[in-house]
Amino acid sequence: MKLSTLIIIVSSLFVSSFLVGCKQDVKTQSENSGTVKEAATTAQAAAAKDRTARVLPDPCSAVDKTDIAKLLGKSTDMITHKNGGSPSSTTRSCFYRWSDSKIPNAAILLQALGNPVPDEFSGWASAFIENKKSNGERLLSDPDTPIKYVTLQGVGEHSCYNLKESKCYYRVGDVVYLVATNGIDDEEIKMDIFKTLGKKILAGS
């Protein structure tokens, strides 16, 4: 056999082996890519399922329009109810509104708040209430003056309120609930709302 013929045969065998190897590499890469995509899809599905599983309880499930009407001394027909946004693991809310010629945005907000960093701070809910009492809230209009809250006795494990801000917070386990009013000046009515709605929300949570 001539040398030139031998070189051609060897070269052909080398090229064939190279092409087969390339096809196998492409197939392996394709399989790996598919595996990565499947893993990503599975992770996304698991995350979505986890978010759904941790959706906060509805703060309005135990409160009816008749309850609001009774607290305000109004007809039930004057009260409207509206859910706020999509429920999640960090926020779930609803509003009760009524017509008032003097106060166009008269309303009561009920809200459930969840731990935004559960993997980093398991004691968030308790610290949230304590911080309202010790450090208070600060407004952009007056950041140097903290608005502190005081303990509301007899409602939930851990509660606090501020009449001037028209807000009251309650804690049960790792969930914090908020009742906030707008358009109500009478402090006795506010306290009645805080206590009555607080007990109803916590009883239904």
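How many residues apart in helix α3 are glutamate 130 and lysine 133, and what separation along the helix does this represent? In this predicted model, the two residues are 3 residues apart in helix α3 (residues 124–134), which means that they are separated by about one helical turn. Their side chains meet in a salt bridge, with a distance of 3.6 Å from N to O, and glutamate 130 is partly exposed, with a relative accessible area of 36%. Side chains of opposite charge can pair when their charged atoms come close.

The structure holds 4 salt bridges. In another of these, lysine 167 pairs with glutamate 137, and the closest N and O atoms are 3.2 Å apart. Because lysine 167 lies in strand β8 (residues 167–172) and glutamate 137 in strand β4 (residues 137–139), this pair ties together parts that are 30 residues apart in sequence. Lysine 167 and glutamate 137 are both buried, and a network of salt bridges links Lys132, Glu137 and Lys167.

A further salt bridge is formed by aspartate 67 and lysine 200, whose closest N and O atoms are 3.7 Å apart. This pair links distant parts of the chain, since aspartate 67 belongs to helix α2 and lysine 200 to helix α4, and the two are 133 residues apart. The two partners can also be described by their accessibility: Asp67 is among the buried residues of α2, while lysine 200 is partly exposed, with a relative accessible area of 28%.

Helix α2 itself comprises residues 65–72, and its buried residues are Asp67, Ile68, Ala69, Leu71 and Leu72. The elements that cover these buried residues include the strands β1 (79–84), β2 (91–98) and β3 (107–114), together with helix α4 (187–204). Just after α2, glycine 73 takes a positive phi of about 70°.

Helix α4 has 18 residues and reaches 26 Å from its first C-alpha to its last, which is close to the 26 Å expected at 1.5 Å a residue. Its buried residues are Lys190, Met191, Ile193, Phe194, Leu197, Gly198, Ile201 and Leu202. Seen down the axis of α4, these buried residues fall within an arc of 155°, and they therefore line one face of the helix. The face turned away from this buried side carries the exposed residues Glu188 and Ala203. Among the elements covering the buried residues of α4 are helix α2 and the strands β3, β7 (158–162), β8 and β9 (175–182). At the N-terminal end of α4, aspartate 186 acts as a cap, with a side-chain oxygen lying 2.8 Å from the backbone nitrogen of glutamate 188.

Aromatic side chains provide another set of contacts. A pair of aromatic rings is described by the distance of the centres and the angle of the planes. The count comes to 4 aromatic pairs, one of which is formed by phenylalanine 128 and tyrosine 169 in an edge-to-face arrangement, with 5.2 Å from centre to centre and 70° between the planes. Phenylalanine 128 lies in helix α3 and tyrosine 169 in strand β8, so the pair ties together parts that are 41 residues apart in sequence. Both phenylalanine 128 and tyrosine 169 are buried, and ring pairs link these two residues with Trp124 and Tyr149 into a cluster. Strand β8 thus appears in several of these descriptions: lysine 167 lies in it, tyrosine 169 lies in it, and the strand is among the elements that cover the buried residues of α4.

Notes. Residues numbered from 1 in each chain as written. Predicted model: local features only at pLDDT ≥ 70, side-chain atom pairs only at ≥ 80, totals over all residues. Heavy atoms only, no water. Buried < 20%, exposed > 50% of the residue type's maximum accessible area, 1.4 Å probe, protein only. Helix = DSSP H or I, 4+ residues; strand = E, 2+ residues; numbered from the N terminus. Contact = heavy atoms within 4.5 Å. Expected span 1.5 Å × (residues − 1). Arc of directions from axis to C-beta. Polar contact = N/O pair within 3.5 Å; in protein donor to acceptor, adjacent residues only side chain to side chain. Phe/Tyr/Trp six-rings, centres within 6.5 Å; stacked < 30°, edge-to-face > 60°.
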